[in-house]
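Trainee: I'd like a close look at one part of this model, and then a walk outward from there. Could you take your time with it?

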Amino acid sequence: MNKEDVRKRICLALDVDSLALAKEIIKESYEYVGTYKIGKELFVSEGTSSIKIPQSFERDVFLDLKFHDIPNTVENASKALVKHNIKMFTIHSMGGSEMIQAAVRGVNDGVIKYGKIRPMILGVTILTSHDRNSLKDILIDKSFDTALVSYAKIASENGCDGVICSPKDINVLRPYINRKILYVTPGVRLRDDKFSDQKRVCTPEEAIVNGASIIVVGRSILESKNRIEILKKIYKEVEKGLKEDNIF
Ligand code: C5P
């Protein structure tokens, strides 16, 4: 397996609040990471300049702002983000089919307007921090899997390129999704890690074996005293889990 094949499956969540720290982390890790995820913390702290750092190391950017708003707002935001040459971004499937179609329209218009790459749209199904009980709090009284499948179908049938789900969810979803999409999975922990607020977790190897296209890891690496040692462990597990037939 060549290095590029392994690292393109690994996304590091840059959940930090400064460009300086983000840069330090990228510098030490980019050999093992294909994509860096910029989420609310870094984006709110440092704005669009945060997008440029992974790009300066020739790595992809996943902008994880999880849009969920009226269709017109999501359409315009999706169009505007095309300017930044990002690889993928998230919207909440809970926003419904009209909102998802608006995001697709926005991206298509943005590609024409700015002449940049087309970012992939990922629909968040159910956050990996939710379980059956916490879904009740938000008035979802269907079974967990029914809700999960429904959000993934809304995403895939309205033009998303992939979904965000737990690595545990992929086998539940596959029979219902009738086209090739990306399964991007947070909720990944090494065997001895603490789960923190993540409830439905797998190890990196299990995630890849289950069919994850890209695994997203944050705190296991960021909170470690030796980030690169943890990252190398994750890389080795991904390499082990990868087989020719599950390369996306
Ligand atoms: O630190 P940890 O590995 O749990 O980080 C997971 C990252 O993935 C966080 O940035 C979180 O916002 C994001 N995420 C998630 N669950 C989703 C979607 C995104 O944990 N369903």
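Which residues is Leu12 in contact with, leaving aside its neighbours within four places in sequence?

Mentor: Happy to. Keep in mind that this is a predicted model.

Leu12 sits in strand β1. Setting aside neighbours within four places in sequence, its contacts are Ile25, Ser29, Val33, Thr35, Tyr36, Lys37, Val217, Ile221 and Leu222. Leu12 has a relative accessible area of 0%, so it counts as buried. Take Ser29 from that list of contacts: it is 17 residues away from Leu12 along the chain, yet the two C-alpha atoms are 8.9 Å apart.

Ile25 and Ser29 lead us to helix α2, which spans residues 19-29 and has Ala22, Ile25, Ile26 and Ser29 as its buried residues. These four are on the same side of α2 because they cover an arc of only 100° around the axis. Go round to the other side of α2 and you find Ala20 and Lys27 exposed. As for what covers the buried residues of α2, the list includes β1 (10-13) and β2 (35-38), along with the helices α3 (40-46), α4 (49-56), α11 (219-222) and α12 (227-241). So β1, the strand that holds Leu12, is part of the cover over α2.

Now for the ligand. Lys37, one of the contacts of Leu12, is also among the residues that come nearest to the ligand; the others named there are Asp15, Gln198, Gly218 and Arg219, out of 15 residues around it. Asp15 has a side-chain N or O atom 2.7 Å from an oxygen atom of the ligand. Gly218 uses its backbone instead, with a polar atom there 2.8 Å from a ligand oxygen. Arg189 brings in a polar side-chain atom, 2.9 Å from an oxygen atom of the ligand. On its own the ligand has 460 Å² of accessible area, and the protein covers 88% of that.

Next, the nonpolar packing. The largest nonpolar core has 65 residues, and Phe89, Ile91, Leu173 and Ile215 touch the most other members. Helix α8, residues 144-157, gives the most to this core, with 7 residues. There's also a second, separate core of 11 residues, which includes Met88, Leu122, Ile164 and Leu182.

Let's zoom in on Phe89. Not counting residues up to four places away in sequence, Phe89 touches Phe62, Leu63, Phe67, Ser78, Leu81, Val107, Pro119, Met120, Ile121 and Leu122. Two of those, Ser78 and Leu81, turn up again in helix α5 (residues 71-81), where they are buried together with Val74 and Glu75. Seen down the axis of α5, the buried residues fall within an arc of 135°, so they line one face of the helix. The cover over them includes β3, β4 (88-92) and α6 (97-114).

Strand β3 (residues 60-67) is also home to Lys66, which has an oddity in its backbone. Its phi is near 45°, a positive value in a residue other than glycine. For background, most residues other than glycine have a negative phi. Lys66 counts as partly exposed, because its relative accessibility is 21%. Leu139 also isn't a glycine and has a positive phi, of about 65°. You'll find Leu139 in the loop between α7 (132-137) and α8. With a relative accessible area of 75%, Leu139 is exposed.

Carry on into helix α8 and you meet Thr146. The side chain of Thr146 makes a polar contact with the side chain of Ser143, at 2.7 Å. Thr146 counts as partly exposed, given its relative accessibility of 43%. Its C-alpha atom is 9.9 Å from that of Leu173, a residue 27 places away along the chain.

One last stop: Ser166, in the loop between β6 (162-164) and α9 (170-173). Ser166 counts as buried because its relative accessibility is 0%. Its side chain reaches the backbone nitrogen of Lys168 at 2.9 Å. Not counting residues up to four places away in sequence, Ser166 touches Thr128, Thr185, Pro186 and Arg200.

Methods: Residues are numbered from 1 along each chain as its sequence is written. This is a predicted model: local features need pLDDT of at least 70, side-chain atom pairs count only at pLDDT 80 or more; totals for chains, interfaces and linings use all residues. Side-chain values use heavy atoms; hydrogens and water are left out. A nonpolar core is a set of buried Ala, Val, Leu, Ile, Met, Phe, Trp, Tyr and Cys residues joined through side-chain atoms within 4.5 Å. Buried means under 20% relative accessible area, exposed over 50%, partly exposed in between (1.4 Å probe, protein chains only). Helices (H or I, at least four residues) and strands (E, at least two) are DSSP runs, numbered from the N terminus. Contact means heavy atoms within 4.5 Å. The arc is that of the directions from the helix axis to the C-beta atoms. A residue is near a molecule or strand if one of its heavy atoms lies within 4 Å of it. A polar contact is a pair of N or O atoms within 3.5 Å; within protein, one must be able to donate a hydrogen and the other to accept it, and residues adjacent in sequence count only if both atoms are side-chain atoms. Accessible areas come from the Shrake-Rupley method with a 1.4 Å probe; for residues, only the protein chains shown count as cover.
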